[in-house]
Amino acid sequence: MRLSKYYVPTLKEDPADAEVVSHKLLMRAGMIRKLTSGIYNYLPLGLRSVNKVAQIVREEMDRAGALEVLLPTVQPADLWQETGRWDYYGRELLRFKDRHDRDYCLGPTHEEVITDLVRGEIKSYKQLPVNLYQIQTKFRDEIRPRFGLMRGREFIMKDAYSFDKDEEGAEKSYFDMFGAYKKAFSRIGLRFKPVQADSGAIGGDFSHEFMVLAETGEDTIASCKSCEFAANLEKAKVVVPDGPDMTAADCPAMEEVATPGAHTVDEVCAFLSVTPDKLIKTLLFVVDGRPVAGLVRGDRELNDVKLRNLVGGNEIEFADEALVRKLTNAPVGFAGPAGLSKDVPVYADSELKLATDWVAGANKGDTHVRHLSLGRDCEVAGYADLRVIEPTDACPECGGEIEFTKGIEVGHVFKLGLKYSEKMEATFLDENGKTKPMIMGCYGIGVSRIVASAIEQNYDENGCIFPPSIAPFEVCLISLGGKDQDVADKAEELYAEIMQMGVDAAFDDRKERPGVKFAEADLIGYPMQLVLGGKGLKNGIIEAKDRKTGEKIELPLDNFAEAFAAWRKRIWNNWGLETN
């Protein structure tokens with residue numbers, strides 16, 4: 001592609017509203033432009049990268065036996081009402097009415113639509129298994145869209161759905177997709193890790209997230225240094241050390257103590273001269289409209305996803321100040337498990353069984369209690385793993401040492417089981433003529449997010465550093481001929497030669513200063529740069545630059561194709577990739 005004929009509106013300065021590297025560089029490199037909050041136009045360079053990601057994903061899905069379809073973006077409410085998600089999905093679901101006053105939504109995901117399609121077509125076990133996928137625009141009305149393509153409201157996603165007749169088949173479909181994801185992300189050139197994950201609003205039996213490893217990632221991954229265990233913080237189990245159950249052990253009688261102005265753990269500990277591990281934090285939540293209390297040690301962080309899953313809920317949020325006052329008769333900061341409203345079930349982290357004689361809120365303003373015994377003074381509905389894992393915890397699978405890394409979620413695979421097929425009566429007749437629900441799986445990849453994630457993982461002070469597999473153009477040929485017709489003619493000849501080799505190339509034939517061309521080539525992040533000037537032409541060489549390492553070498557103009565092919569293969573190999 002001749003850049004003199006191409007639309008590449010680069011920017012010299014970072015956009016004022018861009019917070020993360022990928023957002024800044026995608027805007028500056030002329031790949032995207034903001035239309036409104038969380039919604040972006042994809043410009044020619046950006047769309048090329050998105051399409052390259054989509055093609056790799058498409059090839060691996062096809063290779064794994066999935067079949068491509070295209071489903072509507074607009075979805076009728078009655079399908080969502082069948083599964084119950086119309087009421088509990090939340091405000092991310094953009095609802096609207098048509099001219100006939102019928103309810104619809106913009107699809108954030110397509111479980112209901114695909115299940116409706118399949119239940120109308122598949123009737124026999126002989127038609128199973130089937131796996132259907134699409135690459136399509138989704139819309140989720142994020143409360144605070146930010147970070148450009150990383151967390152937008154409108155985005156491009158690959159979503160696939162498998163249907164099987166039995167658990168064995170469903171597990172095979174799941175791990176076929178798991179393997180296809182590993183191949184796709186490897187081909188793209190990303191450093192990634194699959195981790196155990198919570199199923200969230202999608203639901204299902206178990207799931208894995210695929211995380212691109214990047215220090216700028218929003219998600220924290222807990223992984224073991226000794227085994228293959230890896231999980232996000234929402235999912236990572238905490239193993240409680242062995243020890244006697246102290247919930248019924250003797251301790252002095254509970255007594256109230258004034259703690260004026262002491263709301264936080266640190267303030268209470270300082271006032272009462274105790275350490276945080278001697279204090280119980282009582283956190284009040286609302287799960288699907290019902291109040292719930294969760295207890296953890298004062299030096300721990302409660303995992304609200306674990307609490308939500310324990311009580312079988314869909315949505316969880318902190319109780320607001322008004323509800324806290326109603327349930328505790330006290331301002332925020334003084335809630336405790338003893339004497340809490342009977343309308344609030346109390347669930348405690350399993351670690352709290354290992355000690356007694358606690359300090360906790362008294363459900364009274366400026367007051368706490370000493371000598372609290374959970375077995376004697378409280379009604380605990382249940383004990384479970386409710387806290388966030390910490391680096392000092394042991395690996396839940398092998399007991400090894402845990403380490404934390406940052407990551408960006410770019411893919412998620414779910415084993416849905418019967419969650420949708422039972423509610424929507426997606427059934428088939430088995431070998432014995434009995435009606436059974438299909439067992440489902442769901443598999444998503446954030447196609448547009450991958451482009452942003454690749455930049456978050458690969459950039460420097462000069463701009464993007466794209467893997468050659470998804471760069472807008474794999475190589476940029478820069479002509480410094482100016483008015484030198486010999487250089488211009490040779491550059492034209494080399495461009496034609498590169499294109500004949502089937503290499504995706506940009507040809508910077510613009511009447512611009514060399515410094516501008518070099519700066520924009522680095523900003524856009526072409527993996528390979530070829531620079532031809534008068535001196536090089538005279539000496540029979542062209543300068544070749546590896547954008548990733550900055551290494552520059554000289555390639556001969558005689559027998560250029562062979563030398564370039566060898567250098568190109570080395571660049572791809574340095575990314576851990578095989579040339580096309």
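**Briefing: strands, helices and local geometry**

Ile541 stands opposite Pro556 in strand S31. These two residues belong to a predicted model, in which S31 is joined by five bridges to strand S30 (residues 541-546), the two strands running antiparallel. The domain assignment of the protein chain distinguishes domain 1 (38-237 + 403-455), domain 2 (255-384) and domain 3 (469-574), and the C-alpha centres of domain 2 and domain 3 are separated by 65 Å.

**The five-stranded sheet**

- Strands S30 and S31 are part of an open sheet of five strands, arranged in the order S28-S27-S29-S30-S31 and with mixed pairing.
- The edges of this sheet are held by strand S28 (505-508) and strand S31 (552-556), each of which has a single partner strand, so that one side of each is left without a neighbour in the sheet.
- From one strand to the next, the twist of the five-stranded sheet averages 25°.
- Helix H12 (residues 485-500) packs on this sheet, where the helix touches strand S27 (475-479), S28, strand S29 (528-532) and S30.
- The direction of H12 makes about 165° with that of S27, and an angle over 145 degrees counts as roughly antiparallel.

**The three-stranded sheet**

- Another open sheet consists of three strands in the order S13-S19-S18, and here the pairing is antiparallel.
- Strand S13 (255-258) and strand S18 (358-361) stand at the edges of this sheet with a single partner strand each, so one side of each remains without a neighbour in the sheet.
- Neighbouring strands in the three-stranded sheet are turned against each other by 30° on average, when direction is ignored.
- Four bridges connect S13 with strand S19 (residues 367-372) in the antiparallel sense, and Glu256 has Val369 of S19 as its bridge partner.
- In general, the strands of a sheet pair through backbone hydrogen bonds, in either a parallel or an antiparallel manner.

**Packing of helices H1 and H11**

- Helix H1 (residues 21-28) packs against helix H11 (residues 447-457) at an angle of about 110°, and the axes of the two helices are 8 Å apart.
- Because angles of 65 to 115 degrees count as roughly perpendicular, H1 and H11 are described as roughly perpendicular to each other.
- On the H1 side the contact is made by Val21, Ser22, Leu25 and Leu26, while H11 contributes Val451, Ala452, Ile455 and Glu456.
- The residues of this contact between H1 and H11 comprise six nonpolar, one polar and one charged.

**Aromatic pairs**

- A search of the whole structure finds 16 aromatic pairs, one of which is formed by Phe178 and Phe210, whose ring centres lie 5.2 Å apart and whose planes stand at 55°, so that the pair is tilted.
- Since Phe178 lies in helix H6 (residues 167-188) and Phe210 in strand S10 (residues 206-213), the pair ties together parts that are 32 residues apart in sequence.

**Backbone features in loops**

- Most residues other than glycine have a negative phi, and most peptide bonds are trans.
- A cis peptide bond, with omega of about 5°, joins Leu128 and Pro129, and Pro129 is placed in the loop between helix H5 (111-119) and strand S7 (130-139).
- Asn363, a residue other than glycine, has a positive phi near 55°, and Asn363 lies in the loop between S18 and S19.

Key: Residues are numbered from 1 along each chain as its sequence is written. This is a predicted model: local features need pLDDT of at least 70, side-chain atom pairs count only at pLDDT 80 or more; totals for chains, interfaces and linings use all residues. Side-chain values use heavy atoms; hydrogens and water are left out. Axes are lines fitted to C-alpha atoms, for helices over the stretch in contact, and angles run from 0 to 180 degrees between N-to-C directions. Angles under 35 degrees count as roughly parallel, over 145 as roughly antiparallel, 65 to 115 as roughly perpendicular and the rest as oblique. Contact means heavy atoms within 4.5 Å. Ala, Val, Leu, Ile, Met, Phe, Trp, Tyr, Cys and Pro count as nonpolar, Asp, Glu, Lys and Arg as charged, and the others, Gly among them, as polar. Domain bounds come from an automatic or database domain assignment. Two strands pair if DSSP finds at least two bridges between them. Rings of Phe, Tyr and Trp (its six-membered ring) pair if their centres lie within 6.5 Å; planes under 30 degrees apart count as stacked, over 60 as edge-to-face and the rest as tilted.
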